[in-house]
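Me: I'm new to reading protein structures and would like a close look at one part of this one. Could you walk me through the aromatic rings and how they sit together?

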Amino acid sequence: MQALLVNGTLQNSQLFLQHSPLPLQRDTAFCQLKLKHLEQLFQIPCHPSKTGYASDMTLDTFAHPQPPGEKHRLWPVFLPFAGCPNKCIYCAQDLQTGQRSFSLQKAHDALEMRLSQALAIPDHPPVELGFFGGTFTLLAAKWQRAFLALARHYAEAGLVREVRCSTRPDAVSEEHLDLLREYGLNLVELGVQSFDNRVLELSGRGYTSDVVYAAVERIGHAGLQAGIQLLPGLPSHTPALWKTDLEQTCSLHPVAVRVYPCVVLEGTELAKLWHEGSYRPWEMNVTIAALAPALLRFWKESIRVLRIGLAPENSLREHLLDGPWHPSLGMRVRSLALYLFLKDRLHGKESVPKQLVVPKRVQGEFWGWRGEMHDPYARLGLDKKSVQFAEVSAFTLRT
């Protein structure tokens, strides 16, 4: 909603009062209270007129670009390399998950104990379970059933609200999906990595993009939701190809994505190429610049972005040779995405911004990691004096 001045009068004042970052109340008896709040918030005088409320300002009130949605606690169950038919050149699931010693029986028993203990806690919030780190649908059927039966039992008890798994695009036959649906699994995350066939070949994935399209279609026909995992920066993968991957991903309308920029981990085939000098990962600045507009696009398409970057496991840090890994990579990408969104919002404004009210919940995201967004915002005319953080649900820009 945009509130505009005409002949010194703030137009659409009633609409502004309903949607502004002021106490939500539509009763006109509270208008004066809201206007007082408005004067305090923007430090400007406002007074009623016949057509609205006079003031020397233009106000633009808008939401964060990320679509609203419920957030629930995800319990990842890591099954490193379990079910995988081969090892891809970049993969080191044991290092990425911090599980150097692993067995399916131990993983099952540990999950059962954790769920049992959680259920015994009064009013424990519902959780989501995710089976990651391997190719779940290529596990022996008895193990798939064992894990899924455990999840279903605690779903029926009210503790588990959603179950998901990760697998390969070439491992989702109708038979596989029937088993997942039978036990109440909701979401199948496909390790797509890229839609470029040359990139897939060099990475040892063993399938082409056509297989990905078919897999997503089968998942939908089975009544399940599809998620897509992407890995920008693989051998021969460029920011231009990443833009194509972005378009291809959005065209499939997954409910969620994960983005893991490629890094070089000790002991992988990719590490050999790195030592030989035949492979170099993306630089950090290139990665953030490529991912931020993609994040905006995912938000625009109402696609949930579940994670950006690998989790900060100690074993990963110890064996990381090169690549755009950072413990706050997700925040840095979000910060730049928000900046690009606000920059576009300001484009075409006739005057420089006088003040921006920002929801306090995104204060850290706004200024960025170690305040790295201060200078970019200053170039837009937004500095510490003109930016105010408040307990509000929406942004309000005064120009």
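**A close look at the aromatic rings**

Reply: Let's start with the whole chain before zooming in. Keep in mind that this is a predicted model. Take the contacts between residues at least 6 apart in sequence: 76% of them join residues at least 24 apart. The chain has 399 residues, and 51% of them count as buried. It is built with 15 helices and 18 strands.

Now for the rings. Searching the whole structure turns up twelve aromatic pairs. One of them is Phe62 with Phe395: the ring centres are 5.5 Å apart and the planes sit at 5°, so this pair is stacked. The cut-off behind that word is an angle under 30 degrees between the planes. Where are these two along the chain? Phe62 belongs to strand S6 (residues 59-62) and Phe395 to strand S18 (residues 395-398), so the pair ties together parts that are 333 residues apart in sequence. As for exposure, Phe62 and Phe395 are both buried.

Compare that with another pair, Trp367 and Tyr377. This one is edge-to-face, with 90° between the planes and 5.9 Å from centre to centre. It also links distant parts of the chain, though here the partners are ten residues apart: Trp367 is in helix H14 (residues 363-367) and Tyr377 is in helix H15 (residues 374-379).

Are Trp367 and Tyr377 buried or exposed? The cut-off you need is that buried means under 20% relative accessible area. Trp367 has a relative accessibility of 11%, so it counts as buried. Tyr377 comes out at 0%, so it counts as buried too.

Those two rings also have company. Trp367 and Tyr377 belong to one aromatic cluster, together with Tyr339, Phe366 and Phe389.

A ring can have a charged neighbour as well. Over the face of Trp75 you'll find Arg114, at 3.8 Å from the ring centre.

One last aromatic residue to look at is Trp274, in helix H10 (residues 269-276), where it is buried along with Leu270 and Ala271. Look down the axis of H10 and its buried residues fall within an arc of 100°, so they line one face of the helix. What covers them includes strand S13 (264-265) and strand S15 (320-322). On the face turned away from that buried side, H10 carries the exposed residues His275 and Glu276. Just past the end of H10 comes Gly277, with a positive phi of about 85°.

Conventions:
Residues are numbered from 1 along each chain as its sequence is written. This is a predicted model: local features need pLDDT of at least 70, side-chain atom pairs count only at pLDDT 80 or more; totals for chains, interfaces and linings use all residues. Side-chain values use heavy atoms; hydrogens and water are left out. Rings of Phe, Tyr and Trp (its six-membered ring) pair if their centres lie within 6.5 Å; planes under 30 degrees apart count as stacked, over 60 as edge-to-face and the rest as tilted. Helices (H or I, at least four residues) and strands (E, at least two) are DSSP runs, numbered from the N terminus. Buried means under 20% relative accessible area, exposed over 50%, partly exposed in between (1.4 Å probe, protein chains only). A charge sits over a ring if NZ of Lys or CZ of Arg is within 6 Å of the ring centre and within 35 degrees of the ring normal. The arc is that of the directions from the helix axis to the C-beta atoms. Contact means heavy atoms within 4.5 Å.
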